[in-house]
Structure formats: structure tokens, C-alpha cells
Amino acid sequence: MPRGLPRRFSLAGRRLCGSRLFIKKMPAPQIQLRQWKDADFAAFAAMNADAEVMRYFVAPLSAEESRSALQRFRQTIDTRGWGSWAVEVDGSFAGFTGLAEPKFEAHFTPCVEIGWRFLREYWGRGIAFAAAQQAEHYAFTVLELDQLVSFTTEANLRSRKLMERLGFTRNPSDDFLHPKIADDHPQRRHVLYRKMNPNSGNSVVDRSKKSG
Ligand SMILES: CC(C)(COP(=O)(O)OP(=O)(O)OC[C@H]1O[C@@H](n2cnc3c(N)ncnc32)[C@H](O)[C@@H]1OP(=O)(O)O)[C@@H](O)C(=O)NCCC(=O)NCCS
């Protein structure tokens, strides 16, 4: 699991004392990326069944689809050590973030993408950002990937803002029609963002391809 990663502090709880304004430092939420547990299932399935969370996907997931997604995520982490991690905030399941290799062919594949999905009560608090920073740190310092990509439907502005906050940039010439989504579906048009590894170096994925 990603370790030794920066924790941030949020400023909140201002109070006035005499004529001076004091800013009380609240403890930052403890955000941990970890392997999946059976106990995550109920919250994971509820998140995937929430129409607002799944607004920019083809459809919300059934309980059965969530069960197989959880098993797939867990198995991938078990076999290769990284993937889409469960995110725990102050001891409770909050969503997931992590790294995946898209299974479809496009002008930017093969590649490693960073992605995220959180229960609605965790939105708007910088939690997805802090969790994604940990996944990005793992990708760039442990896996030493040259580049990460991230993509979403054009209209998913929350996700795009998160990409931009992380320092990903979009070149409109990278936009693409998602090959797994039907031709006439409104979510088919996707935007692609990229971020180069600031430390540079060769990626584990690239190295394995070179040696193979
Ligand atoms: C995409 C998603 C993860 C973004 O979550 P998010 O909470 O908006 O993202 P961040 O963690 O970057 O938080 C940013 C917000 O927290 C606020 N914030 C509060 N404290 C903060 C802090 N310490 N640091 C950064 N931002 C902070 C920001 O001002 C911003 O607020 P805004 O939403 O009013 O602009 C979330 O909307 C989601 O799960 N969506 C559904 C799934 C999905 O679409 N996934 C992407 C598919 S490709």
C-alpha cells in the first residue's frame, strides 16, 4: 500500500478572541489507501447504485456488478501489488482511487490511468484530491511510470477539476470517442488528461515491454 505520503492540514474553526482572529487548526482527516475488505461491500454497492455518483457513467451498477468489481479490484492488488485501492477516511470506507490499465485500444493505450469514485458525503472536502495524490505518488515514485493519464466524459466537470488540481493537462487533440460506449450515447465523447512524471525515468510497464 502507498506509505510515507504527505498528509495535509485544513484550516477550519476560526474564532474571535478580543480583537484578534485566531485560526484553530483542525486535525486533517486520516486518509488511507488499502486493500479491499468484505466489509466494504455494502457502502461500495450503495455508492455504485447512487444515480448522482454514476451520472457520468453509462448506468449505475447492480449489486452483482459491484460484487464482481470489488473482487476484480482485490484480485488485481493481490496479484500485482497495485490497482484501484479502497479509500478509508477516519476509519470508514469513503470510495476508491487508484491505477488501472484500460482494457480497450485507443491512440493513447497501452497506458496507466488514475481514477476515482467517492460516496457523495465525501465530496467537496479535498478528500478525493488527497487520496489521488497518494495514488499518483505510488505511480511516479514506486512504479516509476513515465506518464499517467486520466479521462472522463466531457461534461464531468468535477472530475476534470480534480485532474487539473492534480496538475494534469488536456490537449483537445487527445479527446476520443470511448470504444466501449455505444455510438449514439451522450457519454461517448471523452476528454483525456496527461501528467508526466516530474522525476522522469522509465516505467515498470515500459521496462517489462522492452524486456519482453
Ligand atoms: C470526481 C470526484 C471524485 C471529485 O470529488 P471532489 O470532492 O469534488 O474533489 P476534491 O477532493 O478535489 O475536492 C474539491 C472540492 O473540495 C473543496 N476543498 C475543501 N477543502 C479542501 C482541501 N483541503 N483541499 C482541496 N480542496 C478542498 C474544494 O474547494 C472543492 O470544492 P468545490 O467542489 O466546491 O469546487 C467526485 O465528484 C466523485 O466521486 N464523482 C463521481 C464519480 C466520478 O464521476 N468519477 C470520475 C469518473 S472518470
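## Valine 87 and the nonpolar core

Valine 87 is in contact with Ile31, Leu33, Ala94, Gly95, Phe96, Thr97 and Ala131, leaving aside its neighbours within four places in sequence. The model is a predicted one. Val87 also belongs to the largest nonpolar core, which has 41 residues. Val87, Ile127, Ala131, Ala135 and Ala139 have the most contacts inside this core. Helix H3 gives the most to the core, with 9 residues.

In soluble globular proteins, nonpolar side chains tend to be buried together.

## Overall make-up

The protein has 5 helices and 10 strands. Of its 212 residues, 28% are buried. Contacts with a separation of 6 or more are counted next. Residues 24 or more positions apart account for 62% of these contacts.

## Helix H3

H3 runs over residues 127–142. The helix has 16 residues and reaches 22 Å from its first C-alpha to its last. That is close to the 22 Å expected at 1.5 Å a residue.

Of the 16 residues of H3, 12 are buried, so the helix is largely enclosed by the rest of the structure. The buried set begins with Ile127, Ala128, Ala130, Ala131 and Ala132. Gln133, Gln134, Ala135 and Glu136 are buried too, as are Tyr138, Ala139 and Phe140. These residues pack against strands S3 (31–34), S4, S5 (92–100), S6 and S7, and against helix H4. Glutamate 144 follows H3 and has a positive phi, near 55°.

## Helix H2

H2 covers residues 63–80. It has 18 residues and reaches 26 Å from its first C-alpha to its last. The span is close to the 26 Å expected at 1.5 Å a residue. Ser66, Leu70, Phe73 and Ile77 are buried in H2. Seen down the axis of H2, its buried residues fall within an arc of 65°, so they line one face of the helix.

An α-helix has 3.6 residues a turn, so residues three or four places apart point the same way. The face of H2 turned away from the buried side carries exposed residues: Glu64, Ser68, Gln71, Gln75, Asp78, Thr79 and Arg80. What covers the buried residues of H2 includes helix H1 (41–49) and strand S4. Glycine 81 follows H2, and its phi is positive, near 90°.

## Two buried sites beside H2

Glycine 83 lies in the loop between H2 and strand S4 (84–89). It is buried, with 21 other C-beta atoms within 10 Å. Not counting residues up to four places away in sequence, Gly83 touches Phe73, Thr76, Ile77, Gly98, Leu99 and Ala100. Phe73 and Ile77 are among the buried residues of H2. Glycine 83 and alanine 100 are 17 residues apart in sequence. In space they are 5.7 Å apart, C-alpha to C-alpha.

Alanine 45 is found in helix H1. It is buried, with 20 other C-beta atoms within 10 Å; the cut-off for burial is 20 or more. Alanine 45 touches Ala63 and Ser66, not counting residues up to four places away in sequence. Ser66 is one of the buried residues of H2. Alanine 45 and alanine 69 are 24 residues apart in sequence and 9.6 Å apart in space, C-alpha to C-alpha.

## Helix H4

H4 spans residues 157–165. Ser159, Leu162 and Met163 are buried in this helix. Seen down the axis of H4, its buried residues fall within an arc of 100°, so they line one face of the helix. On the other side of H4, Leu157, Lys161 and Glu164 are exposed.

The cover over the buried residues of H4 includes S6, H3, strand S7 (147–153) and strand S10 (189–196). Just after H4, glycine 167 takes a positive phi of about 95°.

## Around the ligand

The ligand has 20 residues around it. Gly126, Ala128, Phe129, Thr152 and Ser159 come nearest. Strand S6 (113–118), H3 and H4 are the elements that give two or more residues to this shell. By class, the shell has 9 nonpolar, 7 polar and 4 charged residues.

Two of the nearest residues also appear in the helix accounts above. Ala128 is buried in H3, and Ser159 is buried in H4.

Conventions
Residues are numbered from 1 along each chain as its sequence is written. This is a predicted model: local features need pLDDT of at least 70, side-chain atom pairs count only at pLDDT 80 or more; totals for chains, interfaces and linings use all residues. Helices (H or I, at least four residues) and strands (E, at least two) are DSSP runs, numbered from the N terminus. Two residues are in contact if their C-beta atoms, placed from the backbone, lie within 7 Å. A residue is near a molecule or strand if its C-beta atom, placed from the backbone, lies within 6 Å of it. Ala, Val, Leu, Ile, Met, Phe, Trp, Tyr, Cys and Pro count as nonpolar, Asp, Glu, Lys and Arg as charged, and the others, Gly among them, as polar. A nonpolar core is a set of buried Ala, Val, Leu, Ile, Met, Phe, Trp, Tyr and Cys residues joined through C-beta atoms within 7 Å. The arc is that of the directions from the helix axis to the C-beta atoms. The expected span of a helix is 1.5 Å times one less than its number of residues.
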